[in-house]
Number of protein chains: 6
Amino acid sequence: MTVAPEDRAALLVEALPYIRQFQDAVVIVKYGGNALAGTGVSGAEGVGGAGEPAAAGGMDGPGAERAALASFAQDVVLLGSVGLRPVVVHGGGPQIGDLLGRLGMETEFRNGQRVTDAATLDVVRMVLVGKVNRDIVSAVNVHGPLAVGLSGEDANLITATAHTADLGYVGTVAHVDATIVERLLSERLIPVLATIGADAAGQAYNINADTVAGAVAEALGAEKLIFLTDVQGLRADPADETSLMHRVSAVELEGMVASGAAAGGMVPKAEACIRAVRNGVHRAHILDGRVPHALLLELFTDAGVGTMVLP
Amino acid sequence: MTVAPEDRAALLVEALPYIRQFQDAVVIVKYGGNALAGTGVSGAEGVGGAGEPAAAGGMDGPGAERAALASFAQDVVLLGSVGLRPVVVHGGGPQIGDLLGRLGMETEFRNGQRVTDAATLDVVRMVLVGKVNRDIVSAVNVHGPLAVGLSGEDANLITATAHTADLGYVGTVAHVDATIVERLLSERLIPVLATIGADAAGQAYNINADTVAGAVAEALGAEKLIFLTDVQGLRADPADETSLMHRVSAVELEGMVASGAAAGGMVPKAEACIRAVRNGVHRAHILDGRVPHALLLELFTDAGVGTMVLP
Amino acid sequence: MTVAPEDRAALLVEALPYIRQFQDAVVIVKYGGNALAGTGVSGAEGVGGAGEPAAAGGMDGPGAERAALASFAQDVVLLGSVGLRPVVVHGGGPQIGDLLGRLGMETEFRNGQRVTDAATLDVVRMVLVGKVNRDIVSAVNVHGPLAVGLSGEDANLITATAHTADLGYVGTVAHVDATIVERLLSERLIPVLATIGADAAGQAYNINADTVAGAVAEALGAEKLIFLTDVQGLRADPADETSLMHRVSAVELEGMVASGAAAGGMVPKAEACIRAVRNGVHRAHILDGRVPHALLLELFTDAGVGTMVLP
Amino acid sequence: MTVAPEDRAALLVEALPYIRQFQDAVVIVKYGGNALAGTGVSGAEGVGGAGEPAAAGGMDGPGAERAALASFAQDVVLLGSVGLRPVVVHGGGPQIGDLLGRLGMETEFRNGQRVTDAATLDVVRMVLVGKVNRDIVSAVNVHGPLAVGLSGEDANLITATAHTADLGYVGTVAHVDATIVERLLSERLIPVLATIGADAAGQAYNINADTVAGAVAEALGAEKLIFLTDVQGLRADPADETSLMHRVSAVELEGMVASGAAAGGMVPKAEACIRAVRNGVHRAHILDGRVPHALLLELFTDAGVGTMVLP
Amino acid sequence: MTVAPEDRAALLVEALPYIRQFQDAVVIVKYGGNALAGTGVSGAEGVGGAGEPAAAGGMDGPGAERAALASFAQDVVLLGSVGLRPVVVHGGGPQIGDLLGRLGMETEFRNGQRVTDAATLDVVRMVLVGKVNRDIVSAVNVHGPLAVGLSGEDANLITATAHTADLGYVGTVAHVDATIVERLLSERLIPVLATIGADAAGQAYNINADTVAGAVAEALGAEKLIFLTDVQGLRADPADETSLMHRVSAVELEGMVASGAAAGGMVPKAEACIRAVRNGVHRAHILDGRVPHALLLELFTDAGVGTMVLP
Amino acid sequence: MTVAPEDRAALLVEALPYIRQFQDAVVIVKYGGNALAGTGVSGAEGVGGAGEPAAAGGMDGPGAERAALASFAQDVVLLGSVGLRPVVVHGGGPQIGDLLGRLGMETEFRNGQRVTDAATLDVVRMVLVGKVNRDIVSAVNVHGPLAVGLSGEDANLITATAHTADLGYVGTVAHVDATIVERLLSERLIPVLATIGADAAGQAYNINADTVAGAVAEALGAEKLIFLTDVQGLRADPADETSLMHRVSAVELEGMVASGAAAGGMVPKAEACIRAVRNGVHRAHILDGRVPHALLLELFTDAGVGTMVLP
């Protein structure tokens, strides 16, 4: 890197006010199972175990995966170290599909949702809480005693109800009690949240991670809700690489969902963004998680990467 | 129940001073995987996934299992509600063996420890953190937003090192940083701890749950370390039901381990008790978890159930 | 006592939730001069020095008296030790009559109230503050540095006005400033209150202890107002031992006072109960103080002793 | 009063630095039973009920008594209002003798101490706690909700033991736990202390008020210990009015007690002064309580009234 | 001084309640440049550098000046030491005129205001902040580390705007943010304020010190606003020494300004008093600063010195 | 600026850990009078009014001066906004010389120190406190209510003694009481300190600003002491531009002063650096204040600008 001193100075003068502006700001970062896998079919990861079948091919192998996770963890730690309050929410669709496959358990999909019986739920929960969550916590904690893994069941963080009767233990968010998250944030710890919820009787449910990220952002009155995806962002024309939209209003985005311009795995993200910015979250972002340090560039430079959603 | 008013009054007069005495006292309760299963071979559960093969038979079935867990959860909640600070530490040997079996993964045992490669560790972690831990958290949270599941990886709670080179990712406790536990306790939450640790590089290890319970008790300066087992307690003669020892000193217990009077799964419990009472824990107890409400009877009545270990 | 372990466990499971429920709850206990004396004419003690002539006979002697006081003191200390906040309010009719007699001072009664001139008031105050109050404080403090004696004159706790012009220094409660009581409670001390009040000019008055207990309960927003009497409780038919009413509403109790079903010394208690439950006190109780540990049994078991008054 | 503005200004410039200097200073004021009576035999009042017989004659009548008490109360309130922390300790010898006389109870004196059986103690306690203490509290509280009456039995403030076997319930100070006094002071309340103590079994004792004042001053690390007497102060020659000593060291005072120059009721005062200034109390004072506002003049002007004792 | 003890006592009894009453009270004291100089033309000093030409003659010389300042500083320190919270606001007209003269800078006056260009402002600011303010701070700090000099530019304390276009950098108060003053007061420090303000662009302005004193008093919700002048107070007839008005209402004072009975330098003082007492300041005072310890006499004795303005 | 995203990301990854590392770090920045003037003779500015005559020529004019000050103020504000705690210490040699000249006051120099009589001191103080300090405060406060001007006289911050008898009111630092600075820092305010001190009698002294900066850094236990100069830094060979030393130890620097390699105005800076790093200040820096944003580049990038002094 051969950046001239005056350019370095200019970049610092550009970045420092953002650091000041976002001091103590809560930032919810949705990190998808596909992002964890380093790749995947566009928009597919958000629906997690409760959504579409996991993409089978195109893995870059465990090395690339680990490097991407390490880079993401470094960004999250850096955000925390300069005074922001990041919260990581994650899914784990591909990993769930993988273990179900190894156990020879077949599952049915209805409307893109995996029908989840008790045995399937056990597998989902083991993967999300016992595997994916742990991998993220470990990657963060290489930098210090910072991350604490949570499930929505902890301290009744996420109260769930059944999504529809025929999908079994696929749930929706009925209530978020973010007290435990706030306590951890006030201790400058980094909560990492697996998107399992429970009802009053203690029955667990699997919930779409994009939806949970939005609900938690609302409950915390977050400054930002950020989706790290494996696509470029939102395109005016999904097929046209040059049509990336840098800013979009909630109303426009609503139109794109209605018209089908935003489709597939982008729908729950879009809906979470719309709802969040209408309920007190300042800005929502759909970023290209494949760009190294996308979080830093979006937060601390004038030019962002991806699409920003405004109220 | 037809207890006369004067007996009721006498019992209250007996119990209330204990409640006063144990106000704010930290009590570590080791709850074994076999206790969860409602049965099991004597002393086998403590070694968890890192120890002996799980007992195959003698299950009372999922209904009895669930009732036992619910009763245990009620006791823990009651302890917390009257001012004590319980911490639950658990293993999960039978459940680990079960999933390994379903996945067709064979594991080798050396000196009673399961050789644990990366794939096995993934399974161990998924079961402990994603299954057993979750089941306990859910059972407690039926009573209120109280339990928070933890793994030793969270906020670097348990730093681990490899036990011996040939056992793979079987670890020992190198350091306990109980800060996160203390924070949760100060919020009157109930930590439920899965006994996975991590080294500085983020590599996870499976650790014997009895050892972890003792190390956490020490780190917290706990009032009590309680092992809920599926045996009667410590017997002078293991084969003689009438030889239950109500009190034993650390020195005597050391002798029993040396002489083989305490053997099998009782050894790590005995060693954890000895070390704990010599490092600031006031009393250690080995209780019969099959007695309903054993925790309440031990803590709040003059007559205990099981064996108390003194410095 | 030979209570089976399962019955002991059941009693603990019954009692602990009450302890949790009443955590930090303020409980006003009116302890009458007759209760101190271990016996007396039904309902007579509550009116204290300002009320009916003291009962002359039926004493069990100083030994029984002392034992009853010690048992009462133990209960109050136990309540405090498990997190409740007891406040003791007491009268002292028999003891006042006794000293007046020894001093050869004759007093007149009008409508059941003792006409109180300055000399009489001096005697009343010496007995209540310097004798009865001290005896209760001493009995409590055998268990630790807990009780602090108060008179309504301290820190202007009770502002009084003359009851009626012809009764002299018999007063009624004009205002309660419970600040000093709250401060002592916040230090986990046990206030013991003699029912003398003072007006703005510093003139002392003797006030009915039942009325003071109710007024203090209101001012503190107490959870419970408990009258420890030497009768069984409230009876539907005063002459019928089997007609004890376990629960009664404020409206019903009002009717009983109007109809004369509640009479004599029961009237100020009934009126204090009615007013208290209508002004924020959760429950009022009229208990049989002769039952050992009546307080514990009423507060911590499902079956109470005596009559509970509801709003 | 026709004081010139420049003299007024000079007096303020003189007084204000004392107010600053004594900010938050704890000042123990011993107020004797004779002072309450407005007169009395020199030095006799300090020994209280445990000492010499009460002076019979020379009363100025209740009006003068009340005025003197009101003036004293005003001074104490003024001290508190400008930031000092006064504590009043009082005896009550004349008043005790009076009630014993009215009750026809004869008591014997040995070495100037009243032999105190249980019945006598009851009278002593009633007078000190129920009469004298109350009168002082009332007089102070005319100015606001400030005074709180205490007995040494409250919150185990004064632990007593028997003085000598043959004096009955005449006690000496075994231990002072001034916590309750400190709590009241920290709330800017004015503790008024009757000098009854209790042993561990709850048995009450009557203790010399001068001794208690000294012990409390020590326990609180008081700035000043002040005896308000009905004499001019300490005289080099007791018979010579012009021999008032303005300052005396502990060593000199010790010599005066040994030589008999300080005698009678002055002895316990002198001993309390000596002990106090040797145990951390900064200054002790023996003042002429008959001078109006003696407390203010001693504390806030360069010229004092009476004798100051230095270490 | 030969004041009798009873007069001393009476004075203390008179003064102490004022000390209590003014505990923690914020008192703004305007100290004029002429007061600093020990003399000057009546009412001329208040308009500071922004007002009339400085009086040239009549100085008593530096010795008298220094003594007057030392006496004033002592009073301010004494106020602070007994619990009040004094804030000193000062002008510096004579001193500004002096330096301008030495630098040979001529300035024009319009309507009694000095036309202030950038060079003049530099001189004004140097004198007020670097000379007069420093002299007062030094005089106070002889008594301890108490005074902290402030300019209205510090922490945006005083936001100013131009008074009128033709006067240059003569400003008026647009906004007072008294946070920094409150912080210093809460640390028991004594703020000494030079009356320079700044606009949002950092441009400094010179502001009339009387006006600033009033605005700061309002912003702090001060108990008192006191002008120390070199006149006797407000006279009904300016020419008649015996016509001093001890009390005047805001309405009456308004009438006097309108009628010209209050004129010259008295006008901004009168207007500041009127506005202050109508905006929450309890009392405003115009005192004769030439009377030694005028502040103490006004605040702590029944008879004041000068004129008190009531709402 | 056309810096590639990956370079921007790399710069952020480089800068953020420094921001974390310096969180809450106290940084003393010495800003010289010459730096204010935008230029000047090498090393001359540090000696301030107490040192060498001011450089007369080479000014870039007021526009450049103002821009340099604005850029410096922006840097200081940015440091504060991302969590550091900057303290500005300044001299004012050229400005003092200027005003002395305008007033026609001639001053003598002995050993490079200006002989300072009372009249000269008044001018020095007016310039430092009333002019230079104000200019810096104003420049900072354009960004928000942040800066508070201080003189060493405020709250007895700097106690001074005469340097040598023949230099008049040229002082040295006898004691630093940094309490007021710590209070302002804890409120996230930016103290700007003029280097006037005072002795116990309130007499002011002018002190070399480099020395004051070092003494304040020590007293605060600062992380860094930074001299912003108008030279490149410390050169091994003062005449060789390419001989800039990036790091130097205290011992080496001591040698350079002894050998004359560091001379002139560099000497007090070097001595302040040496003493500071030996008394708890972590690092001292001599930077080229002419490089725009030198503070940011030194603190937040791997490559610094100027010379770092290590213990």
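**Close-up views of a predicted model**

**View 1. Where chain A meets chain B.** In this predicted model, 34 residues from chain A and 35 residues from chain B make up the contact. On chain A, the side that touches chain B draws at least two residues from each of α5 (118–141), β5 (147–151) and α6 (179–186). Helix α5(A) gives the largest share, 12 residues. Sorted by character, the residues on this side of chain A are 17 nonpolar, seven polar and 10 charged.

**View 2. How the copies A and B are related.** Turn chain A by 180°, with 0.0 Å of shift along the axis, and it superposes on chain B with an RMSD of 0.1 Å. The two copies are thus related as by a two-fold rotation axis. To find that axis from chain A, look for A:G130: its C-alpha is the nearest one in the chain, 2.0 Å away. Both copies use the same surface, as 100% of the contact residues of chain A recur in chain B.

**View 3. The open sheet of chain F.** Follow the eight strands of chain F in the order β5-β8-β2-β1-β11-β13-β14-β12; they form an open sheet with mixed pairing. At the edges stand β5 (147–151) and β12 (247–249) of chain F, each with a single partner strand, so one side of each has no neighbour in the sheet. On average, neighbouring strands are turned by 20° against each other, direction ignored.

**View 4. A strand pair and a helix in chain F.** Strands β13 (residues 283–288) and β14 (residues 307–310) of chain F run antiparallel and are joined by three bridges. In one bridge, F:A284 is partnered by F:V309 of β14(F). Helix α5 (residues 118–141) of chain F packs on the sheet, where it touches β1 (26–31), β2 (85–90), β5 and β8 (190–194) of chain F. The direction of helix α5 makes about 160° with that of β8(F).

Definitions and conventions:
Residues are numbered from 1 along each chain as its sequence is written. Chains are lettered from A and ligands numbered from 1 in the order in which they are written. This is a predicted model: local features need pLDDT of at least 70, side-chain atom pairs count only at pLDDT 80 or more; totals for chains, interfaces and linings use all residues. Two residues are in contact if their C-beta atoms, placed from the backbone, lie within 7 Å. Helices (H or I, at least four residues) and strands (E, at least two) are DSSP runs, numbered from the N terminus. Ala, Val, Leu, Ile, Met, Phe, Trp, Tyr, Cys and Pro count as nonpolar, Asp, Glu, Lys and Arg as charged, and the others, Gly among them, as polar. Copies are superposed by least squares on the C-alpha atoms of residues with pLDDT of at least 70 in both. Two strands pair if DSSP finds at least two bridges between them. Axes are lines fitted to C-alpha atoms, for helices over the stretch in contact, and angles run from 0 to 180 degrees between N-to-C directions.
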